[in-house]
Amino acid sequence: MRIYNTLTKKIEEFIPYDKNNVTLYTCGPTVYHFAHIGNLRTYIFEDILEKGLEYLGYKVKRCMNITDVGHMSSDADTGEDKMIKGAIRENKTVYEIADFYTKAFFDDCKKLNIQRPTIVEKASEQIDMYIKMIKKLLKEDYAYISNGNVYFDISKAKNYYQLSGKNPDELIIGARDDVELDKYKRNPYDFGLWFTDSKFENQAMRWDSPWGIGYPGWHIECSGISIKYLGEHLDIHCGGVDNIFPHHTNEIAQSEAYLGHKWCNYWLHGEHLNDATGKMSKSKGEFLTVSLLESKGYDPLTYRFFCLQSHYRNQLVFSYDALEIANNTYVKLKNKIKKIKENTNGDVDKKVIDIYQTKFKEAIENDLNTSLMLTCLYDILKENVNNTTKLEIIKSYDQVLSLDLLKDKTKEVNQELVNYIEEQVEKRNLAKQDKNYELADKIRKELEEKNIIIKDTREGTIYEVR
Ligand code: AMP
Ligand code: ZN
């Protein structure tokens, strides 16, 4: 498999430590609010990665944390504690907030066919592991105590700027957003490993430690949980691009200082989903959730399909118009498959299956090219082979795509309308083939009068009912 590695900024051949077994760590949600569909784009990418690796024959052990403590509202370890913010907003305890939004997160994942990782661990459950690590970091002089808090000294880390590719001088200029905290640090980008000097009187989650009662910094949780469950050598670590700095940068610094050797070989990052106003954020107040899409009549899997149409390393802009187009393409696709399912004939053609599985594997191996995976799917629909064979291939693709391609649609589909549109589209395509553009235009206009807008794309003609 060839995959883009943020660490080397290159597409590389993926070689796991242990030939057939892959360890995969994916940063989990901060459970102070619902996940927005941007967050879920990252989890869809990671789900495809996990299932894609399995399709290639690897056994994947995946671990994810649930951030229920320590994540500040600013990524530079400053600002308010996100969990406390949620608790105050909803007049609940941080534990109630964490439980509620953890459940909501997994409900959303289920709706999007995102598989639950083999291991899921709450940040608040591994305090002993962080204490063990911090003790060693202090002993070996990677960390220091200042004003009751323990900080990691980034000047001691090897290649601190490799992952982010940032220029240290620029960073220092930008680092002045919490002078209060910075004055206790040797370098403004040193980060907290353990806080006893909480700025929050109502800090609910607190534990005893050799440095006093307090709580861990945000970054140590992922290093601790990953090393604990996946061992000292990690194959792949993922997250969204916003995690590259400082979160993943700091994870590398403290993990490699603690272990005394290289930790993770491949760092994969999903690009953001943006809305028309720019960056999507949970703290903005109003934000797009899976439930909101459902309330507008969309099957959540339409959103998964929408995400799979573009590559995980490209930014994606969300709009209802774009989702509507994806919805029509998805419905049309499922209808085609339904017809195949209802008309199976003949025996499985093993040779064709081999060819198509190889093509699909190549798409996975091509830096997880999901739109190419969808192209394989469209190709088999058009292939001159019996429906039994087509169905077998579709079933195998859906192990990765997870679009419920063989399940009948749960949402109401106006089959009569769909049939009519498909007939007209077909007629128009034939007219175009015959260079009868007058007729083709006439069909398009007639459809438009019925509020059916058609568009020609690489995947064929798609339509939108307004
Ligand atoms: P959080 O719950 O804020 O810790 O974020 C959960 C995951 O979502 C992380 O991997 C982030 O990198 C990712 N993420 C945050 N914002 C976006 C976005 N707009 N688009 C895609 N992924 C995002
Ligand atoms: Zn993390």
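**Figure 1. The shell around ligand 1 draws most heavily on helix α1, which gives four residues to it.** In this predicted model, α1 (37–55) and β10 (234–240) are the elements that each supply at least two residues of the shell around ligand 1. The shell holds 17 residues, and Thr-30, Gly-38, Thr-42, Asp-242 and Leu-273 are those that come nearest to the ligand. By residue class, the shell divides into four nonpolar, 10 polar and three charged residues.

**Figure 2. Polar side chains approach oxygen atoms of ligand 1, among them those of Thr-30 and Asn-39.** For Thr-30, an N or O atom of the side chain is 3.0 Å from an oxygen atom of ligand 1, and a polar side-chain atom of Asn-39 likewise lies 3.0 Å from an oxygen atom of the ligand. The side chain of Asn-243 places an N or O atom 3.2 Å from an oxygen atom of ligand 1. Taken alone, ligand 1 exposes 500 Å², of which the protein buries 93%.

**Figure 3. The zinc ion (ligand 2) is coordinated by two cysteines and one histidine, namely Cys-27, Cys-222 and His-247.** The donor atoms are SG of Cys-27, SG of Cys-222 and NE2 of His-247, and they stand at 2.0 to 2.1 Å from the zinc ion. Along the sequence, these donor residues follow the spacing C-x194-C-x24-H. Cys-222 belongs to helix α7 (residues 218–230) and His-247 to helix α8 (residues 244–259), so this pair of donors ties together parts that are 25 residues apart in sequence. Cys-222 is buried, with a relative accessible area of 1%, and His-247 is buried with a relative accessible area of 1% as well.

**Figure 4. Helix α8 is mostly covered, and Gly-260 follows it.** Of the 16 residues in α8, 15 are buried. Gly-260, the residue that comes after the helix, has a positive phi, near 80°.

**Figure 5. Ser-164 occupies the loop between β7 and α5.** The loop runs between β7 (149–152) and α5 (168–174), and Ser-164 counts as buried within it at 18% relative accessibility, because the limit for a buried residue is under 20%. A polar atom of the Ser-164 side chain lies 3.1 Å from the backbone nitrogen of Lys-166. When neighbours within four places in sequence are left aside, the residues in contact with Ser-164 are Ile-244, Phe-245 and Thr-249.

**Figure 6. Pro-117 sits in the loop between α3 and β5.** This loop joins α3 (94–111) to β5 (119–122), and Pro-117 is buried there, with a relative accessible area of 6%. Not counting residues up to four places away in sequence, Pro-117 touches Arg-62 and Met-64. The C-alpha atom of Pro-117 is separated by 8.8 Å from that of Asp-47, although the two residues are 70 residues apart along the chain.

**Figure 7. Helix α10 is largely enclosed by the rest of the structure, since nine of its nine residues are buried.** The helix covers residues 300–308, and its buried residues are Pro-300, Leu-301, Thr-302, Tyr-303, Arg-304, Phe-305, Phe-306, Cys-307 and Leu-308. At the N-terminal end of α10, Asp-299 acts as a cap, with a side-chain oxygen 2.9 Å from the backbone nitrogen of Leu-301.

**Figure 8. Leu-323 of helix α11 touches residues that include Thr-302, Tyr-303 and Phe-306.** Leu-323 lies in α11 (residues 320–342) and is buried, with a relative accessible area of 0%. Apart from residues up to four places away in sequence, Leu-323 touches Leu-293, Tyr-298, Thr-302, Tyr-303, Phe-306 and Phe-318. The C-alpha atoms of Leu-323 and Tyr-303 are separated by 7.0 Å, with the two residues 20 residues apart along the chain.

**Figure 9. The whole protein chain, shown as context for the close-up views, contains 16 helices and 16 strands.** Of the 466 residues in the chain, 57% are buried. The chain exposes about 21,100 Å², and carbon and sulfur atoms supply 48% of this area. Among contacts between residues at least 6 apart in sequence, 76% join residues at least 24 apart.

Terms used:
Residues are numbered from 1 along each chain as its sequence is written. Chains are lettered from A and ligands numbered from 1 in the order in which they are written. Side-chain values use heavy atoms; hydrogens and water are left out. Donors are N, O and S atoms within 2.8 Å of the metal (3.2 Å for Na, K and Ca); water is not among the atoms, so sites may look incomplete. Buried means under 20% relative accessible area, exposed over 50%, partly exposed in between (1.4 Å probe, protein chains only). A residue is near a molecule or strand if one of its heavy atoms lies within 4 Å of it. A polar contact is a pair of N or O atoms within 3.5 Å; within protein, one must be able to donate a hydrogen and the other to accept it, and residues adjacent in sequence count only if both atoms are side-chain atoms. Accessible areas come from the Shrake-Rupley method with a 1.4 Å probe; for residues, only the protein chains shown count as cover. Ala, Val, Leu, Ile, Met, Phe, Trp, Tyr, Cys and Pro count as nonpolar, Asp, Glu, Lys and Arg as charged, and the others, Gly among them, as polar. Contact means heavy atoms within 4.5 Å.
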